[in-house]
Amino acid sequence: MPSTEKALVLSVVLPCLNEEKSLPLCLAEIKKTVDQMQIPYEIIVADNQSTDGSAREAAAFGARVVPVQKRGYGSAVNGGILAARGQIVLFGDADCSYPFYDIPKLVTPILQNRADFVLGNRLNQTLEPGAMPKLNRYFGTPVLSALIRWFYRIAVYDCNGGMRAFRRSIYEGLHLKQPGMEFASEMLIAVGKQKIRYLEVPISLRPAHPSHTPYLRPWRDGLRHLRTILRGLWN
């Protein structure tokens with residue numbers, strides 16, 4: 001597991017709600033990948049009131065479990081990031097949909113000082129069959145991304161991409177508040193407004209683990225994203 005003798009370079013944050021079966025697979029993939037990078041790191045599981053054995057599995061693996069009481073994707077990610085001690089933070093889902101062997105693609109540009117915020121773009125030829133609903137792939141995400149791109153002058157093409165890396169030092173200055181899925185858009189809007197050096201890199205996406213319970217509600221969450229995008233024009 002990560003070294004405690006050196007300053008931590010990377011914190012990997014996994015928001016988690018009842019992912020007992022998929023979580024160990026994600027943790028193993030993260031460890032294998034980051035060990036090969038040879039940098040000091042930690043893994044944080046931001047447990048959003050799981051009622052299964054997720055927290056137990058995380059602790060047994062050696063990850064740091066951070067309980068997050070307020071429910072919601074944004075709340076869980078935020079809680080994990082605030083607890084992070086690494087110079088760089090990367091977060092991704094605990095349902096096995098994001099192949100964590102793509103971690104170097106997001107972290108390396110920051111280590112090389114080519115970007116301060118890197119988003120993994122899933123909308124490419126490595127998107128596995130069944131990994132994303134067609135409504136999200138061809139309508140929801142492209143439309144919302146275009147709005148953020150036009151309004152906030154940031155080259156976003158996959159605004160709902162759930163694997164992202166950034167310098168820990170910029171996070172508090174983003175002033176993020178949204179507790180739900182719209183947190184993803186709020187983060188990009190803040191990055192655009194503050195003209196933070198931004199980069200997208202292509203990553204893979206797999207179907208979620210069969211044990212995963214989908215929490216995304218496309219129309220409801222899409223409207224929340226849209227409201228967040230429009231509200232940002234006046235804030």
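Trainee: What makes helix H6 (residues 183-193) mostly covered?

Mentor: In this predicted model, 10 of the 11 residues of H6 are buried. A residue gets that label when its relative accessible area is under 20%.

Trainee: Which residues of H6 are buried?

Mentor: Phe-183, Ala-184, Ser-185, Glu-186, Met-187, Leu-188, Ile-189, Ala-190, Val-191 and Gly-192. After H6 comes Lys-195, with a positive phi near 55°.

Trainee: OK, let's zoom out. How are the elements of the chain ordered from the N terminus on?

Mentor: They run β-α-β-α-β-α-β-α-β-α-β-α-β-α, and the chain has 7 helices and 7 strands.

Trainee: Why is the chain called as compact as a globular protein of its length?

Mentor: Set two values side by side: the radius of gyration is 16 Å, and the globule rule gives 18 Å for 235 residues. Those are close, so the chain counts as being as compact as a globular protein of that length. Along its principal axes, the C-alpha trace spans about 45 × 40 × 35 Å. As for burial, 55% of the 235 residues count as buried.

Trainee: Now the rings. Why is the pair of Phe-91 and Phe-166 called edge-to-face?

Mentor: The structure holds 5 aromatic pairs. For Phe-91 and Phe-166, the ring centres are 6.4 Å apart and the planes sit at 70°. Pairing needs centres within 6.5 Å, and edge-to-face needs planes over 60 degrees apart, so this pair is edge-to-face.

Trainee: And what makes that pair tie together parts of the chain?

Mentor: Phe-91 lies in strand S4 (residues 88-91) and Phe-166 in strand S6 (residues 164-167), so the pair links parts 75 residues apart in sequence.

Trainee: Are Phe-91 and Phe-166 buried or exposed?

Mentor: Phe-91 has a relative accessible area of 1%, so it is buried. Phe-166 is buried too, at 0%.

Trainee: What about Phe-151 and Tyr-152: why is that pair edge-to-face?

Mentor: Their ring centres are 6.4 Å apart and their planes stand at 90°, so the pair is edge-to-face.

Trainee: How do you know that Phe-151 is partly exposed?

Mentor: The relative accessible area of Phe-151 is 37%, and partly exposed covers the range between under 20% and over 50%. Tyr-152, at 6%, counts as buried.

Trainee: Last one: which residues form one aromatic cluster?

Mentor: Phe-91, Phe-117, Phe-166, Tyr-171 and Tyr-198.

How values were computed
Residues numbered from 1 in each chain as written. Predicted model: local features only at pLDDT ≥ 70, side-chain atom pairs only at ≥ 80, totals over all residues. Heavy atoms only, no water. Helix = DSSP H or I, 4+ residues; strand = E, 2+ residues; numbered from the N terminus. Rg over C-alpha atoms; globule rule 2.2 N^0.38 Å. Buried < 20%, exposed > 50% of the residue type's maximum accessible area, 1.4 Å probe, protein only. Phe/Tyr/Trp six-rings, centres within 6.5 Å; stacked < 30°, edge-to-face > 60°.
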